Amino acid sequence: MTPTSYFPHKNNQMFVENIAVSDIAKKVQTPFYCYSHTAIEASFQDYQNAFSNQDTLICYAVKANSNQAVLTTLSKLGSGADVVSMGEIQRAIMAGIPANKIVYSGVAKTEEEINYALSLGIFQFNVESEPELALISKVATALNKTAAIAFRINPNVCAQTHEKISTGKAENKFGVPISKARVAYKEAAALPGIKVQGVDVHIGSQLTNLTPFTEAYQHIAQLVVELREDGHDINVIDVGGGLGITYSDEIIPSKQTYAEMVHAQLGHLNCKIIIEPGRSLLGNAGILVSSVVFVKKGEEREFLIIDAGMNDLIRPSMYDAYHQIIAVDKASIDNNEEPLKTYDIVGPVCETGDTFAKARQVHDAEIGDLIAIMSSGAYGSVMSSTYNTRMLAPEVMVKGDEFAVVRTRPSYEDIIKQDITPDWL
Ligand SMILES: *Cc1c(COP(=O)(O)O)cnc(C)c1O
């Protein structure tokens, strides 16, 4: 799936399914996120097909895009959820994902969160440390329940991705070091309220190459053999998420190739496989649509100032991420009829970091033109804020000839009234 697969140009107009993006813009106002239901469905089914001959549970990583319409779409296709907070558990349950398809990751689960997850009966806690294990045991005992656990193993593998989304090196805060795993499992087996059932690993995000996964899964396979020798009943392997997407021209291994590699490394262990994809399900199923506010000639370069900012999509400033940026109502960029110009594309926020692209070639633009920032379906809206007292961008989902606003734009009043001025001021 490329950034434009589900957002093609027809007769000099960008479409999402059967609707012109500009028609949505007229009704919703920019900036807004726009998702293709068909794209989400297609990428989920791609995973299902790829893993059809393995006993697999797909647990969508909710943090990538937690809109209820997105979760409901995936829930109806049979997806489980990988969650990292009590809020995400509530979202998953409200979207119809059953508790027994929820796995719970995260380094700082609190007593309240553990209590909530246990009372619902989730499938598995992915435990990131020994103190966390002790707390789960305490809460489970008090509730007279048993918590099924896997340790998240830190295999000390370099994921070859951006350092802020690399999680499987010894210096990262995640998981139990593989060298200490056998001791940790021994302790777990001795604790009340704990049932050891699996092993978990997640080495990072936006991986474009299978080598780090392969290396990590080799270590995990070896560990499972050792744990079984130690007498543990290991029957679940959670291989995490992290498969990348094409933002620019990255060539990503297919889900089929990924699934074959998982089978080659882990198939002989006869475990249930959990996968936790996030970005690879949603990333290229969404765009951020914005309008040109001004075209400004600087001394050295020309700026396209748009009405979306780093508060709406933080990936370029946070991870130096590249997103394709395309004029919505011009000829497709692949057809060279209209002139291209070089711009720095920037937002309204008062920070130099509020830059989406430097020296980028797009169509010659005018005030009011619509611009699409591609590949924004994952880690877009979920990371947005109201910085600069800007309203959160609404989200729209399109299915065939229909579209719906699936999160509304709040009013300034909604934002401001959350603050309280004490009466002693
Ligand atoms: C973020 C995360 C994922 C999803 O990663 P993607 O790169 O979006 O597929 C899966 N598992 C865990 C534990 C995560 O933290």
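The legends below describe close-up views of a predicted model, covering its two assigned domains and its ligand site.

Local features in this predicted model need pLDDT of at least 70 and side-chain atom pairs count only at pLDDT 80 or more, whereas totals for chains, interfaces and linings use all residues. Residues are numbered from 1 along each chain as its sequence is written, and side-chain values use heavy atoms, with hydrogens and water left out.

**View 1. The chain is assigned domain 1 and domain 2.** Domain 1 comprises 9-36 + 283-416, and domain 2 comprises 105-277, with bounds that come from an automatic or database domain assignment. Taken over C-alpha atoms, the centres of domain 1 and domain 2 are 36 Å apart.

**View 2. Domain 1 meets domain 2 at an interface that buries about 820 Å².** Carbon and sulfur atoms give 51% of this area, where buried area is the accessible area (1.4 Å probe) that two parts lose on being put together, summed over both. On the side of domain 1, Asn284, Tyr319 and Tyr322 lose the most area to domain 2, together 46% of what that side buries.

**View 3. Contacts link 11 residues of domain 1 with 8 residues of domain 2.** Contact here means heavy atoms within 4.5 Å. Between the two domains there are 0 salt bridges (a side-chain nitrogen of Lys or Arg within 4 Å of a carboxyl oxygen of Asp or Glu), while 3 residue pairs, both residues at pLDDT 80 or more, are in polar contact (N or O atoms within 3.5 Å; within protein, one must be able to donate a hydrogen and the other to accept it, and residues adjacent in sequence count only if both atoms are side-chain atoms).

**View 4. The ligand is surrounded by 14 residues.** The closest of these, each counted as near if one of its heavy atoms lies within 4 Å, are Lys63, Ser205, Glu276, Arg279 and Tyr379. A polar side-chain atom of Lys63 lies 2.7 Å from a ligand oxygen atom, and a polar side-chain atom of Glu276 lies 2.5 Å from a ligand nitrogen atom.
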